[in-house]
Amino acid sequence: MSAYDEIAEWYDVWLGGAALEDDAVFAAVESFMGNVAGLRVCDLACGQGRLARHLADRRAVVTGVDISSKLLDIARGYEAREPRNIEYRLGDARTLDGFAAAEFDGVVCFMALMDIAELEPTVRSVHRVLRAGGWFIFAVLHPCFHTSRSDELSVAGGLVRTIGSYFVEGHWRSDTRTGPPGKVGAYHRTLSTYINMFLANGFRLDGVAEPRLTGRQAELRPIWTEVPAALVVRCSKAVEV
Ligand SMILES: C[S@@+](CC[C@H](N)C(=O)[O-])C[C@H]1O[C@@H](n2cnc3c(N)ncnc32)[C@H](O)[C@@H]1O
């Protein structure tokens with residue numbers, strides 16, 4: 001039983017009808033992905049499959065993997081109602097057992113790497129299933145602005161984000177947040193831990209984005225127009241020469 005099994009239905013409702021097209025963080029991910037038509041793409045920690053569906057609509061050949069069987073049931077329900085040829089597989093990002101080496105042209109992990117308990121085995125398994133030159137793109141809660149002691153404070157001039165315990169890595173859970181960090185928590189890692197982990201495990205860093213929220217998202221959470229809510233990274237499997 002994974003942590004998300006217990007909140008799977010809540011999570012699906014919580015995401016609501018919010019379209020990825022209106023999501024500034026997803027826009028950064030999409031611009032890093034480029035045209036996915038015909039590519040074999042793994043949606044790692046796919047949850048209820050919103051990203052997998054989006055990619056399939058853009059003609060990628062999509063496999064969604066998640067450790068939560070309940071979220072996969074919901075994803076398969078969407079697939080049954082509106083088939084897109086998405087394959088959903090129960091699996092652990094830390095091993096990706098059952099997946100062949102070099103099986104994918106790209107792996108994307110949207111707002112989930114901070115939910116996976118261990119980073120290094122995950123980075124290694126992603127490296128294994130990618131073909132040489134293939135990309136890995138992830139978006140996470142920005143590690144500089146989400147920690148066990150992060151909050152918002154109203155000061156002269158507007159809201160500011162307050163941060164403590166940045167150097168304390170590991171699981172944290174919020175008593176006040178209404179989203180996943182309040183329900184199941186998340187794993188904090190510093191920015192340098194993320195970047196160096198990829199560089200140390202056969203990846204090349206291609207680009208980093210820190211999207212500023214706009215539109216409805218900004219109206220709901222104005223703090224994220226001041227500092228970035230999420231960090232988006234693109235790296236690729238280095239080609240050996
Ligand atoms: C915040 S949800 C994001 C889901 C989806 N990417 C989305 O954007 O809606 C985090 C996901 O990470 C998954 N997860 C956590 N640990 C995992 C692991 N070791 N292997 C695969 N998935 C995992 C959870 O089950 C959950 O679906």
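Me: Is C109 buried or exposed?
Reply: This is a predicted model, in which local features need pLDDT of at least 70 and side-chain atom pairs count only at pLDDT 80 or more, while totals for chains, interfaces and linings use all residues. Residues are numbered from 1 along each chain as its sequence is written, and side-chain values use heavy atoms, with hydrogens and water left out. Buried means under 20% relative accessible area, exposed over 50%, and partly exposed in between, with a 1.4 Å probe and protein chains only. Because its relative accessibility is 0%, C109 counts as buried.

Me: How many disulfides does the structure hold?
Reply: A disulfide is taken here as a pair of cysteine sulfur atoms within 2.5 Å. C109 is in none, since the nearest cysteine sulfur, that of C42, is 8.7 Å away. For C235, the closest cysteine sulfur is the one in C109, at 11 Å, which is too far for a bond. The number of disulfides in the structure is zero.

Me: Which element gives the largest share of the largest nonpolar core?
Reply: A nonpolar core is a set of buried Ala, Val, Leu, Ile, Met, Phe, Trp, Tyr and Cys residues joined through side-chain atoms within 4.5 Å. Of the 36 residues in the largest one, those touching the most other members include V29, M33 and F110. Elements are DSSP runs numbered from the N terminus, helices being H or I with at least four residues and strands E with at least two, and among those giving two or more residues to this core are helix 2 (24-33) and strand 4 (104-110). The largest share, seven residues, comes from helix 2.
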